[in-house]
Amino acid sequence: MNKILLLGFLAVITGCNTAYKPEDKIKDDVFFLASDSLEGRQTGTAGEKMAADYIAGRFSDLGLEAKGTDGYFQTFSFKPKTDPHQEITYTVVGKDSTITGTNVIGYIDNNAPYTVVIGAHYDHLGYGAEGSLYRGEEKEIHNGADDNASGVAVMLNLASKLKNIDQGNNYLFMAFSGEEMGLLGSNYFTKNATIDLGKVNYMLNMDMVGRLKQDSTLAVYGVGTSPILKQVVNASNSQFKILEKESGTGPSDHTSFYNSNIPVLHFFTGQHEDYHKPTDDAEKLNYEGMEEISNYILEIITELDDDGKLAFRKTKDESDDVPRFKVVLGVVPDYLFDGKGMRIDGISEDKPAQKAGLQKGDIVVKLGDSAVVDLMSYMRALSVFEKGDKTKVVVDRNGKEVETEIEF
Ligand SMILES: [Zn+2]
């Protein structure tokens with residue numbers, strides 16, 4: 001608590017400094033959210049609550065209206081999954097064995113007919129919850145600087161900018177919790193919205209925007225969810241190498257809004273080796289890049305401001321063409337499998353997997369040097385190989401580990 005008060009005090013001082021640059025504030029936000037004192041911001045923990053208090057304090061300092069159910073907060077309680085194939089169920093606060101997460105919600109009311117939702121999740125993996133790719137012995141804090149203190153910092157930066165411009169929409173700023181446990185906060189919000197969801201114009205999601213690389217590649221997903229988006233995303237861009245995808249469905253909170261028939265965009269600077277590991281730290285982020293991304297998103301918002309309510313369009317599921325690989329394994333992954341690893345749902349003829357003797361139902365748990373815990377880590381592991389490379393693959397076959405050599 002004292003740390004928060006102290007930080008608020010420092011913010012006032014730096015705010016008076018004439019040499020102040022917006023990215024400095026972005027940096028302050030990331031360094032606080034990703035500090036060890038928040039212990040990885042796992043949903044339902046004291047660290048998550050500290051982060052929520054901090055974000056609410058920032059909303060308040062920026063003069064945003066509270067739009068939660070209790071001031072800036074909207075809590076949701078749920079039973080943690082015991083059976084991975086079960087749907088999560090929300091439950092009554094305070095009931096036995098429930099976890100309570102907190103969304104933080106602020107609002108700029110411009111008396112406009114429609115509202116733009118600008119969101120980013122702030123929860124992370126604590127000391128290495130499910131989803132962690134860390135394989136060390138000792139427990140370590142997963143600070144989640146890129147995932148997703150970066151998105152929250154850019155959201156706060158956008159709030160500070162939009163507060164001072166009279167725009168054609170209202171703006172709802174949301175810091176979601178429960179994302180790492182399955183998009184729970186955003187899902188809960190769309191079912192228990194604190195504004196009229198029918199008046200939401202579109203939703204922008206920033207998840208992992210802190211690692212802009214030398215080549216300035218910025219992924220913008222969801223460009224197919226409204227006919228106008230593709231053109232605006234490109235017209236507003238002057239410096240990024242935009243990697244666009246049509247689909248409104250992806251592994252982050254915009255999916256919850258897309259599923260509610262709302263046009264969405266997700267901004268993302270790409271995977272890296274610190275993803276979901278204790279080494280995702282604040283000093284590794286590209287803060288100038290984050291400021292550029294914030295300006296770019298502001299440009300998109302401004303560009304869309306006189307377009308009224310955007311038309312929603314359903315997109316085809318592109319889950320089978322996610323990253324670009326130089327090699328293929330020749331398998332069909334089971335996209336619905338949520339145990340540890342990548343379960344093979346089908347094997348293509350005459351491809352490396354078949355030649356290596358892999359079978360339908362095998363669960364890939366290791367590829368080369370990389371542990372495979374889910375589809376994302378599988379894709380990351382696969383993306384490093386070149387044609388002709390040989391490596392080892394370990395699968396779980398009916399509970400027994402089988403290792404085999406594979407050639408791409
Ligand atoms: Zn994550």
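## The β13 neighbourhood

Let's start with a small piece of sheet: β13 and strand β14 (residues 370-371) run antiparallel and are joined by 2 bridges. Strands here are DSSP E runs of at least two residues, numbered from the N terminus, and two of them pair if DSSP finds at least two bridges between them. Lys 366 has Ala 371 in β14 as its bridge partner. The two strands make a hairpin with 2 residues in between, and Gly 368 in the turn has a positive phi of about 60°.

β13 (residues 363-367) also pairs with β12 (residues 342-347), antiparallel over 2 bridges, with Met 342 opposite Val 364. Then there's strand β15 (residues 390-397), antiparallel to β13 over 4 bridges; here Ile 363 stands opposite Asp 396.

## How far to trust it

This is a predicted model, where local features need pLDDT of at least 70 and side-chain atom pairs need 80 or more, while totals for chains, interfaces and linings use all residues. Residues are numbered from 1 along each chain as its sequence is written, and side-chain values use heavy atoms, with hydrogens and water left out.

The chain's mean pLDDT (the predictor's confidence in each residue, from 0 to 100) is 88, and 89% of residues reach 70 or more. Residues 1-19 fall below 50, with 11 contacts beyond near neighbours in sequence; a contact means heavy atoms within 4.5 Å. Where pLDDT is low, the predicted coordinates should not be read in detail.

## The chain as a whole

There are 10 helices and 16 strands, with helices being DSSP H or I runs of at least four residues. Of the 408 residues, 52% are buried, which is to say under 20% relative accessible area with a 1.4 Å probe, protein chains only. Among contacts with a separation of 6 or more, 73% are between residues 24 or more positions apart.

## Cores and helix α4

The largest nonpolar core (buried Ala, Val, Leu, Ile, Met, Phe, Trp, Tyr and Cys joined through side-chain atoms within 4.5 Å) has 63 residues, and Val 104, Ile 118, Phe 173 and Phe 267 have the most contacts inside it. Helix α4 gives the largest share, 10 residues. A second, separate core of 28 residues includes Val 327, Ala 356, Leu 382 and Phe 385. Beyond four places away in sequence, Phe 267 touches residues including Leu 204, Met 208, Val 220 and Tyr 296.

What about α4 itself? Helix α4 (residues 145-162) is largely enclosed by the rest of the structure, because 17 of its 18 residues are buried.

Terms used
Buried < 20%, exposed > 50% of the residue type's maximum accessible area, 1.4 Å probe, protein only.
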